[in-house]
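Here is a guided look at one protein chain, region by region. Keep the viewer open as you read, and turn to each spot as it comes up.

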Amino acid sequence: MRPVTDSHQISRAKLAYIIDSTAAPVCIIAPISSWAAAVTGVVQGYGSSPYSLFIDSIPYNFYALFTLTMMVCMCLMDCDFGPMKVHEDNARKGDLYTTPDRPYENAANEQPNSKGKVIDLIIPIFAILIPCCILGLLYTGGLFEGETFVDAFANCDASLGLVYGSLVGILIMLVYYIARRVMGFKDFMDCIPQGFRNMVPAVLILIFAWTLSAMTGQLGAAEYVAGVVDSAADGLANFLPAIIMLIAAGLSFATGTSWGTFGILLPIVVRVLPLGNPLLVIGVGACLAGAVVGDHCSPISDTTIMASAGAQSNHVNHVSTQLPYALTCAGVCFIFYIIAGFVQSVIVTLFGIAAMIGVMFLVKYLTKKKDASAKA
């Protein structure tokens with residue numbers, strides 16, 4: 001997508017935000033994904049169907065739903081604010097990076113192939129890579145050894161399954177491209193080391209980020225905070241969804257991992273809000289939402305790092321431009337989790353989406369007013 005967005009004068013920071021906002025928020029509400037498998041695996045033993053608990057929590061995952069709503073509104077309304085507006089204004093003048101630090105500016109640009117067609121992108125991704133990765137997950141979960149489809153997803157090894165699926169997908173793509181005469185064997189093989197070279201900066205950042213995350217985890221802050229929530233749960237029952245979201249966001253920001261966050265908090269949420277409690281589903285949704293909030297805001301999050309690497313944007317630029325957007329959406333989520341704690345109905349989600357749209361109209365109005373004052 002980089003050549004497409006570059007041709008429309010969209011900044012690299014904006015492209016990184018779009019990637020990040022359509023990645024984790026989609027994964028955390030996707031019924032068939034490694035994220036769903038991770039969640040159901042964490043809450044195993046708490047009821048007859050952990051997968052059903054995950055499905056029921058999707059309408060209450062406000063941050064995922066509101067972020068997607070906010071991003072669509074932002075694109076349709078051409079509404080930017082904060083540091084992102086500076087990047088977008090500069091991009092319209094031809095500067096896609098804004099800052100002097102441009103680590104990817106001299107990276108090798110992909111040259112278009114005259115033989116390639118749109119179908120050569122769609123088939124490898126949707127008909128080869130995604131099915132292969134799903135089969136890889138099911139394979140590591142024991143589907144071919146007698147496990148049910150749902151249990152195979154719940155028990156899968158996500159990292160290993162995605163590696164298996166990607167390797168098989170690459171081999172099938174090699175045959176496909178040679179058969180289509182889009183690429184030769186040598187050209188295809190040349191792309192693999194080039195891809196590795198392009199990923200070196202992101203891999204180095206990830207290594208340092210994981211090291212910092214491990215050190216943070218050794219301090220035991222996550223377990224301490226979880227214990228405080230457990231002990232104070234009785235007196236704050238209706239406010240628990242909002243509190244859970246804030247704690248999950250803080251832990252995810254500090255550790256840089258949404259998976260680790262809901263791995264720690266979900267068992268506590270299920271214990272504090274036992275089966276039969278109407279707040280259980282809302283609490284699970286708040287925990288998952290808060291984990292993604294912190295994941296979006298954290299500069300050491302692997303998904304944030306990969307988004308800036310994929311867009312070839314300066315990583316600090318991506319974090320600083322995305323932060324106001326993430327915090328705006330998180331603020332709306334916090335308010336509606338308080339409401340959901342008392343109303344306890346899925347209708348709150350619809351009002352929340354409407355409120356998010358209203359906030360974007362308000363932001364656009366205030367931005368226009370500020371621009372008019374600056375010109376005057």
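## Asp78, between two helices

Asp78 is partly exposed, because its relative accessibility is 49%. You will find this residue in the loop between H6 and H7. Its backbone is worth a glance: Asp78 is not a glycine, yet its phi is positive, about 55°. For background, most residues other than glycine have a negative phi.

Please bear in mind that the model is a predicted one. Asp78 will come back below, as one of the residues that line the second largest pocket.

## The chain as a whole

Stepping back, the protein chain holds 18 helices and zero strands. Of its 376 residues, 44% are buried.

How do the contacts spread along the sequence? Among contacts between residues at least 6 apart in sequence, 75% join residues at least 24 apart. Several of the spots below can be read with that in mind.

## The second largest pocket

Which residues line the second largest pocket? From the earlier part of the sequence come Asp78, Cys79, Asp80, Lys85, Glu88, Asp89 and Arg92, and they are joined by Lys364, Thr367, Lys368 and Asp371. Two elements each give two or more residues to this lining: helix H7, residues 83-92, and helix H18, residues 347-375.

The space in the second largest pocket comes to about 190 Å³. Its lining is made up of nine charged residues, one polar and one nonpolar.

## H7 against H17

H7 also meets another helix. Two packed helices are described by the angle between their axes and the distance between the axes. For H7 and H17, the axes come within 7 Å and cross at roughly 120°. This crossing makes H7 oblique to H17, because an angle of that kind falls outside the 65 to 115 degrees that count as roughly perpendicular and is not over 145.

On the H7 side the contact is made by Pro83, Met84 and His87, and on the H17 side by Asn317, Ser320, Thr321, Pro324 and Tyr325. What is the chemical make-up of this contact between H7 and H17? Its residues divide into four nonpolar and four polar, with no charged ones.

## H6 and H18 side by side

Turn next to Thr69, which sits in helix H6, residues 62-77. Is Thr69 buried or exposed? With a relative accessible area of 15%, Thr69 is buried. Not counting residues up to four places away in sequence, Thr69 touches Ile353, Met356 and Ile357.

Ile353 itself is found in helix H18. Its relative accessible area is 24%, so Ile353 is partly exposed. Leaving aside neighbours within four places in sequence, Ile353 is in contact with Phe66 and Thr69. Between Ile353 and Phe336, 17 residues apart in sequence, the C-alpha to C-alpha distance is 9.9 Å.

Ahead of H18, in the loop between H17 and H18, lies Gln344. Gln344 is another residue that is not a glycine and has a positive phi, about 55°. Its relative accessibility is 30%, so Gln344 counts as partly exposed.

## H16 and the loop after it

Within H16, Thr304, Ile305, Ala307, Ser308 and Ala309 are buried. The loop between helix H16 (302-310) and helix H17 (315-343) is the place of Ala311. Ala311 counts as buried, because its relative accessibility is 0%.

What does Ala311 contact, leaving aside its neighbours within four places in sequence? The partners are Arg2, Arg12, Leu15, Ala16 and Ile19. The C-alpha atoms of Ala311 and Ile19 are 7.8 Å apart in space, although the two residues are 292 apart in sequence.

Gln312 is found in this loop between H16 and H17 as well. Following H16, Gln312 has a positive phi, near 55°. Its relative accessible area is 5%, so Gln312 is buried. Along the chain, Gln312 and Leu15 are 297 residues apart, and their C-alpha atoms are separated by 9.1 Å.

Conventions: Residues numbered from 1 in each chain as written. Predicted model: local features only at pLDDT ≥ 70, side-chain atom pairs only at ≥ 80, totals over all residues. Heavy atoms only, no water. 1 Å grid on protein atoms, 1.4 Å probe; cavity = no way out; pocket = protein on both sides within 12 Å on 5 of 7 lines; lining within 4 Å. Points joined across faces, edges and corners; volume = space filled by probe spheres on them. Helix = DSSP H or I, 4+ residues; strand = E, 2+ residues; numbered from the N terminus. Nonpolar A, V, L, I, M, F, W, Y, C, P; charged D, E, K, R; others polar. Buried < 20%, exposed > 50% of the residue type's maximum accessible area, 1.4 Å probe, protein only. Contact = heavy atoms within 4.5 Å. Axes fitted to C-alpha atoms, helices over the stretch in contact; angles between N-to-C directions. Parallel < 35°, antiparallel > 145°, perpendicular 65-115°, else oblique.
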